[in-house]
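Biologist: Could you take me through this model, one topic at a time, and give the cut-offs behind each term?

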Amino acid sequence: ATTATTAQTLSTMAVGAENMGNVKRQLVQLFEVSLQATVPSETDVAPLVDACIAKSGVRFGDYQCNNAMGLWSKIKGKQTEFRGPTAVGQAIMKNLPPSDMVESCSVAGPGFVNVVLSRNWIAKSLQKMLIDGIDTWAPCLPVKRAVVDFSSPNIAKEMHVGHLRSTIIGDTLARMLEFSHVEVLRRNHVGDWGTQFGMLIEFLFEKFPNPEDVNEAAIGDLQTFYKASKARFDSDPEFKQRAQQAVVRLQGGEDTYHRAWKQICEISRTEFHRVYERLGIQLEEKGESFYSPYIPGVLEELNKKGIIEDDKGARVIFVQDVNIPLIVVKSDGGYNYASTDLAALRYRINEEKAEWIIYLTDVGQQQHFDMLFKAAKRAGWLPADDGSYPKATHVGFGLVLGEDGKRFRTRSTEVVRLVDLLDEAKNRSKTALLERDTAKEWPEEEVEKTSQAIGYGAVKYADLKNNKQTNYTFNFDQMLNDKGNTAVYLLYAHARICSIIRKSGKDIEEVKRNAKIALDHEDERALGLHLIQFSEVIEEACTNLLPNVLCEYLYNLSEIFTKKFYSNCQVVGSPEESSRLLLCEATATVMRKCFHLLGIVPVYKI
Ligand code: ARG
């Protein structure tokens, strides 16, 4: 039986849900009423409402509804009282139900309805958030449980910058979904199964006849160990044969083999954890080996459904619009990456009841996932329509490049040890920090904590701010620059806001209770408007799985605060001090939530 639920699109589901932080959704609800009143004959017209972007500074409103032209082309042939799109726009405007969120409306061009939000309403929304907490601005998504399959390095092989990207982007997506009330199963799909383990185990037996002697220190670098065993495998036919038997004995569950396998996995795991620890990553390992017992049953099911065919000795699944098949049993009878992924997908849908399954790997694996999902659709595990649930999405990202434009490598070695990379980022930010006079007097522990926050934050942000599809160039100088669109700049901006509040000498909790926010100055209003758009930005970033949307929002927030508000509106000592302190506090609160969602630890002083 298929587990597909009925088609529910994000837009229809979440409307009406308890999410009063989302300005756009509230306007959509108003326009829904108005559109129905304007053209009762046209049902199912979804309001097209968007925030206005100030192009060359001119802007007629804060939000715009763009339904008039589309509606006009639908009704113009029929009997209608309207004489053109502008008239339709005017009627849409007239039929808007009264609301205290709207200050004024106007119609521009061929029927665009512009909405100016009420200052008072913006101020009230901010005040409410300050009192009830920013979690009340969390979006509501139409999914209860999701799997995010990320990081997923391979045992005994290099954990490379590609895995770092997967780790960073995956963690952020998981955080954004969790904030939006989705239960996220954070899955580390480590490559801990496969024929290479025969070779590794035999090599381990040879080097350490006594299993007690096996430990990380003795083995040293697992990648070197891997290379040495591979060389042995390629040069000695007798060893090769033993290695091949070892795979069979391992997969047959023989004790000594299983123990050796576990030892090798454990050593890799220790190395992976050094990276996760630095980056504050929570993950639950369910590696390839976990799914291996499920493979025969899953293939049996697909076989019965008549989906699997013979192809040159292998067992394969053909899918739509791809000219090569998905190989699920190799010609030697062995299972592969795809067989494991089929079993894992089935498990995630059926056992774990995930409604959204998200995979993060580099774009090189796009075709694999495309075929996997299409096979799952043929099997009826996933609905054919991509708008329905359960849903599987592959988030592919580009390569990490070095400054030479080639695949990223460090100077000295072939491989980049991620731990070294992260430590270098931290050490560089420590050096920069200690050049500042203020930090010189800090206790060592604080210097350390701050440089970690800045260094690791910089690595994460440099990755996240890119559109994930594109390749990105790894450059320490750029990411650690305190000017420009970097984590350093943003963390400093946040710290500066905190110090404004501190310098006022006021207890901000008391101000929250006793003062009111007013947005009389143009730049106060601009800041307030940007702040209340937080919820819809997160919703967009979640729905389209785009962390860079959040980065852009955060950067703009910091720019509006610094270049507009703080340059033109005196805070401490002004008659508007209390209100402006609340605006500072609201900005810092939203910034901190952004940092949290991006996996960056905020800094409070610099
Ligand atoms: N271990 C794989 C690699 O390093 C990534 C696994 C991604 N997840 C999956 N379910 N296939 O390329």
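The exchange below goes from the whole chain to the sheet, the cores, one helix, the ligand shell and some backbone details.

Biologist: What numbering and confidence limits apply, and how many helices and strands does the protein chain have?
Modeller: Residues are numbered from 1 along each chain as its sequence is written. This is a predicted model, in which local features need pLDDT of at least 70 and side-chain atom pairs count only at pLDDT 80 or more, while totals for chains, interfaces and linings use all residues. With helices (H or I, at least four residues) and strands (E, at least two) taken as DSSP runs numbered from the N terminus, the secondary structure of the protein chain comes to 24 helices and 14 strands.

Biologist: What percentage of the residues in the protein chain is buried?
Modeller: The C-alpha atoms of the chain fill a box of roughly 85 × 75 × 40 Å along the principal axes. A residue is called buried if 20 or more other C-beta atoms lie within 10 Å of its own, exposed if 12 or fewer, and partly exposed in between, with C-beta atoms placed from the backbone. Of the 606 residues in the protein chain, the buried share is 42%.

Biologist: In what order do the 5 strands of the open sheet run?
Modeller: Two strands are said to pair if DSSP finds at least two bridges between them, and in this sheet the pairing is parallel. Strand S5 (residues 145–149) pairs with strand S6 (residues 183–188) over 5 bridges, where Ala146 stands opposite Val184, and S5 pairs with S11 over 4 bridges, where Val147 stands opposite Ile357. The edge strands, each pairing on one side only, are S7 (284–285) and S12 (391–397). The order is S7-S6-S5-S11-S12.

Biologist: Why is S5 described as largely enclosed by the rest of the structure, and how many of its residues are buried?
Modeller: S5 is described as largely enclosed because of the burial count of its residues. One of the residues in S6 that faces it is Val184, opposite Ala146. Of the 5 residues of S5, the number buried is 4.

Biologist: Which helix gives the most residues to the largest nonpolar core?
Modeller: A nonpolar core is a set of buried Ala, Val, Leu, Ile, Met, Phe, Trp, Tyr and Cys residues joined through C-beta atoms within 7 Å. The largest one has 144 residues, of which Ala146, Ile358, Ala458 and Leu550 touch the most other members. The helix that gives the most to this core, with 11 residues, is H24 (residues 577–597).

Biologist: Which helices do the buried residues of H7 pack against?
Modeller: The 12 residues of helix H7 (residues 196–207) should span 16 Å at 1.5 Å a residue, the expected span being 1.5 Å times one less than the number of residues, and the end C-alpha atoms are 17 Å apart, which agrees. H7 is mostly covered, with 9 of its 12 residues buried, among them Phe197, Met199, Leu200 and Phe203. Counting two residues as in contact if their C-beta atoms, placed from the backbone, lie within 7 Å, the buried residues of H7 pack against H9 (222–235), H10 (237–251) and H11 (255–279).

Biologist: Which elements give two or more residues to the shell around the ligand?
Modeller: A residue is near the ligand if its C-beta atom, placed from the backbone, lies within 6 Å of it, and the residues around the ligand include Asp149, His189, Asp341, Ala344, Tyr359 and Thr361. By class the shell has 3 nonpolar, 5 polar and 2 charged residues, where Ala, Val, Leu, Ile, Met, Phe, Trp, Tyr, Cys and Pro count as nonpolar, Asp, Glu, Lys and Arg as charged, and the others, Gly among them, as polar. The elements are helix H14 (337–350) and strand S11 (356–362).

Biologist: Which residue does a cis peptide bond join to Tyr389?
Modeller: The omega angle of this bond is about -5°. The residue lies in the loop between helix H15 (366–378) and S12, and its name is Pro390.

Biologist: Is Ala156 buried or exposed?
Modeller: Ala156 has a positive phi of about 65° although it is not a glycine, and it is found in the loop between S5 and helix H6 (161–179). Because 23 C-beta neighbours lie inside 10 Å, Ala156 counts as buried.
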